[in-house]
Each structure stands twice: as C-alpha cells, then as structure tokens.
Amino acid sequence: MAKTLAETLMFPAVLFLGLLTCFPWAFHAPQPHHTKVVVAREDLERKVDVALQRLDPGGFDVSGVTDAQQARKAVLDRDAVAGYAAEGGRTVLYIAQANGASLEQNLAKDFTQLAARDHQQLTVTDVARAASKDQNGTTIVYLCVAWSVPGYILATTLLRAVTFNRRKKVATIAGVSALFSCVGFVAGVCLEYVPNDPEALFVAFLLTAAVATFSAGVAPFTKQFFPLVGMGLFIVLSVPTSGVAPIPLLPTFFQDLHTVMPLGNAVDALKGIMYFEGAGVLRPVLVLCAWIMAGLALLGLDARRHRHKVLRSEVEGTQDEEVPEPPVEDPSVEAPTPTAIPIHRHHFGDLLPMLEGTVCDDMQHPIHHAAVTVIDARGQQLVRTVTDDHGRYAVTGLPEEVINVVVSSAGRISTVHQKALQIGSSVRGDFILHMRSDAMAPHLLARD
C-alpha cells in the first residue's frame, strides 16, 4: 500500500513543490537584475552607473553611446531596455511599453530619482507602445500560453491514437499548429490585443509545433513520468520565464532559463516582429526550431529502437511460429495501460485496437469464451481477455515491441503466436485451435 500511495502522490507532490518554488520566487518582488541601459555621452556613463548602483545594487548594467539619438536607437534595436540622455539641461528616458508596463514603471522611478539629484525633471519617451487594449504589455504572453500548453495536451492525446504512425502524428501536429496559430492571431487582432502583422503567424506555428513535437518525442522515453516532465517544462518552468513579469525584473536564474524555453522565446520573437521592426527575432526563432528538431530526433531514435527490438526478436525466434505455451503470470503484475476492448461498430471517442483477430475450430466455426493472453518479451502478462460469441477479440494500449499471444480453450490445444506491434497499424492475430486427443476419445467411443 505504501508503494502504491507513493507512486500515486509522486506527480502531484513534485508539481506542487515546483509551483510553490518557482512562481513565488519569480513573481513575489519584481525588481531590476542586470537590466541593460545606455547613457548618451560616455562621460556621463560612470556617474550614472555609480548613482544607479546606490539606488539598486546589481540592478543595472550601464554602457555608453554617443548621443540621445543613439540611446533611442539602442532601445528600438533591443540592445537595451532603456536609454538615458542629459543634454542642454534636459533629461530624457527612452523606454518601450511593449517590454511591459511594470518594467516601464520601475525604470521611470529609478531614473526620476537620478534626475532629481541633478535638480532636473525627467521626460519619459515611449518609443514602442503596445496595442491600444494591451496597457500592461503582456497580452502576447497570454496568447503564447494559449499556443503552448495545448501543444503539450495534443501530444498526450496523440498517445491514444494507436492507428497513427509517427509520420501521421507529425502531420497532425503540423496541421493543428497551423490552425491554432491562425485562430489565435485573428482573435488577437480582432480584439485589438496585438497589431495586425501576419509574420507573427509563423512564430505562433513554431511555438505550438515545438512543444507538441518535443512532447511526442520524449513520451516514449519518460513513460509514466511523461506528465511530470511535460508539465515541469512547459508550465512550471516556462510560465515564470515567459514575460508575465518582464524578464529584466526576474532573478538571474529565470533570466538565464528564459533564453532556452520555447514560450519565452516565442514572446521575444513576437514582440520583435510587432513592435521593434524585426529586431532580435532570429535567435528566438532558431531556439524554437531547435526544440522541433530535438523532438523529431527523439521520434527517430524511438523508431530505430523499435526496429532493433524487432530484428533481435526475429533472430531469436521465428515470427508466427507455434511454440509451447508460456507460463501465465500473476495478474497482479498486469500493466494498467494495455486494455481489452469490446467488438462493435466504432463510435467517436472509442479506443482503436492495436491487436485484433478471431479464434476458430478446425471447421472454421468461431469459439466463444476462448482465453486470449498477451505477454511481453520478458514473460510478463500485459492483458487477458476472452472472445465474444463470434470468436472475436481486440486489445489496445500495447507496447511497440514483439509480444506473444496465447490462446486457449477447454478441450483444445493451446497456441502461441508472436506478433511485432508498431504504433500506427493494427495487427491481426487469427487462431485455429485443434481438439486434444484425449478430448476426442469419448466422442470416438460414442460413435463406435
């Protein structure tokens, strides 16, 4: 009972601890951490740096540019989140609302104090305003969450699509990613949450495809830990690094993690497209592509692993050859995923069979209530069922490997066949059970 309880509680406990640790740590007290700013006139760089370190130690990384125009350009080119210029008795702070209203407020507060020390009044100039109904500059983040999390859910639902091979699953991911990107973008534009820039569709497609493809690729290797890995990557770690709180206001750990997570990189790319004339888009797009390639590589590696299992099994024994009946394992070790399913006309949402067939006698008459047992290559029982009145059976949720199918019925010789299962195809296993000689004897005596 303790083992079952531990296995049951492991996932919610780890998820609870992850959320409890990451979310409060990232969001409880947003303040600048190594925020990049530029200062017009390099002779003021040292003075501003010292003053900012007094106001907020470790909060800013200051560099110098030649003039106010260069300071403004640095913000538009995304080389810095703020540009400060003090010329002719006038101080100006160049910032971008698109980077987040809370970042804008933090910068304005610190630089207002800085200007006040020189008895000057600060003028704040916004060089990249967010959409009219995005006052906080965070709507892109919420759109990206809508494109990201369903990608992970799509991968989990595709695990049930046993009649889809890997190519069909990748094609489905591509089609769904295209559909979601179009619907989400049109909704955002119509609601005036984001500017009407069709180039954003490509990034939205990459985000959904990256999450779904990597999730589908990692699932066969993580097995029962797949939900923990998926939610850990794409919720627990992704949301704090996405930009809900502007990245420069996050602790250094989350700033570093932001550079590799798909959600945060998609937000960066979309902001570059929509508000900064394409500045800083290439790197996040390459990161999203890297996630897709990693997922495809894992899918290919899993396919290669499956081929090796089949070849090894074919070397050790001949497929479909009748072999002695293996011992029946204790039903308590039966895996929870393999499932016997009823034979009827398929309805929407029903499980589809991976293995199906009929059991007949010598005269091709169906044998009902014949026992069908599926055993893996290690001799462990996966699932056990019986044939219906028409001698039919069906099983799904089986592993992608070579399995043994054992069929037995009272008074008949038990038979075993080997079957190589592969995701995306349904394998037939039809059996003919012959009468035992000792079962035939009374019948022959009666005739005599």
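In the predicted model, the side chain of Asp126 offers a polar atom that lies 3.0 Å from the backbone nitrogen of Gln97, and a polar atom of the same side chain lies 3.1 Å from the backbone nitrogen of Ala128. Asp126 itself belongs to strand S5, which covers residues 122–126. When residues up to four places away in sequence are set aside, Asp126 touches Ile95, Ala96, Gln97 and Glu104.

Strand S5 forms part of an open sheet of five strands, in which the order is S2-S1-S3-S4-S5 and the pairing is mixed. Strand S2 (60–65) and S5 stand at the edges of this sheet, and each has a single partner strand, so one side of each is left without a neighbour in the sheet. From one strand to the next, the twist averages 25°. Within the sheet, S1 and strand S3 (residues 82–87) are paired in the parallel sense through three bridges, and Val39 is found opposite Tyr84 of S3. Helix H3, formed by residues 68–76, packs on the sheet and touches S1, S2, S3 and strand S4 (90–95), with a direction that makes about 170° with that of S3.

Strand S1 also contributes to a pocket, the second largest, as one of the elements that give two or more residues to its lining; the others are helix H9 (252–258), helix H10 (262–275) and helix H11 (282–316). This second largest pocket holds about 770 Å³ of space and is lined by 28 residues, of which Arg78, Val81, Ile247, His258 and Asp268 lie nearest its centre. The largest share of the lining, four residues, is supplied by H9. Sorted by class, the lining comprises 10 nonpolar, 11 polar and seven charged residues.

Further along the chain, strand S7 (residues 355–360) is joined by four bridges to strand S10 (residues 392–396), and these two strands run antiparallel. Glu356 has Ala394 as its bridge partner in S10, and Glu356 also stands opposite Arg428 in S13. The pairing of S7 with strand S13 (residues 427–428) is in the parallel sense and extends over two bridges. A parallel pairing over two bridges likewise links S7 to strand S14, which is made up of residues 431–432, and here the bridge partner of Val359 in S14 is Phe431.

Methods
Residues are numbered from 1 along each chain as its sequence is written. This is a predicted model: local features need pLDDT of at least 70, side-chain atom pairs count only at pLDDT 80 or more; totals for chains, interfaces and linings use all residues. Side-chain values use heavy atoms; hydrogens and water are left out. Two strands pair if DSSP finds at least two bridges between them. On a 1 Å grid over the protein atoms alone, a cavity is a set of points where a 1.4 Å probe fits but cannot get out, and a pocket is an open set with protein on both sides within 12 Å along at least five of seven lines; lining residues have an atom within 4 Å of a point. Grid points are joined across faces, edges and corners, and a volume is the space filled by probe spheres set on the points. Ala, Val, Leu, Ile, Met, Phe, Trp, Tyr, Cys and Pro count as nonpolar, Asp, Glu, Lys and Arg as charged, and the others, Gly among them, as polar. A polar contact is a pair of N or O atoms within 3.5 Å; within protein, one must be able to donate a hydrogen and the other to accept it, and residues adjacent in sequence count only if both atoms are side-chain atoms. Contact means heavy atoms within 4.5 Å. Axes are lines fitted to C-alpha atoms, for helices over the stretch in contact, and angles run from 0 to 180 degrees between N-to-C directions.
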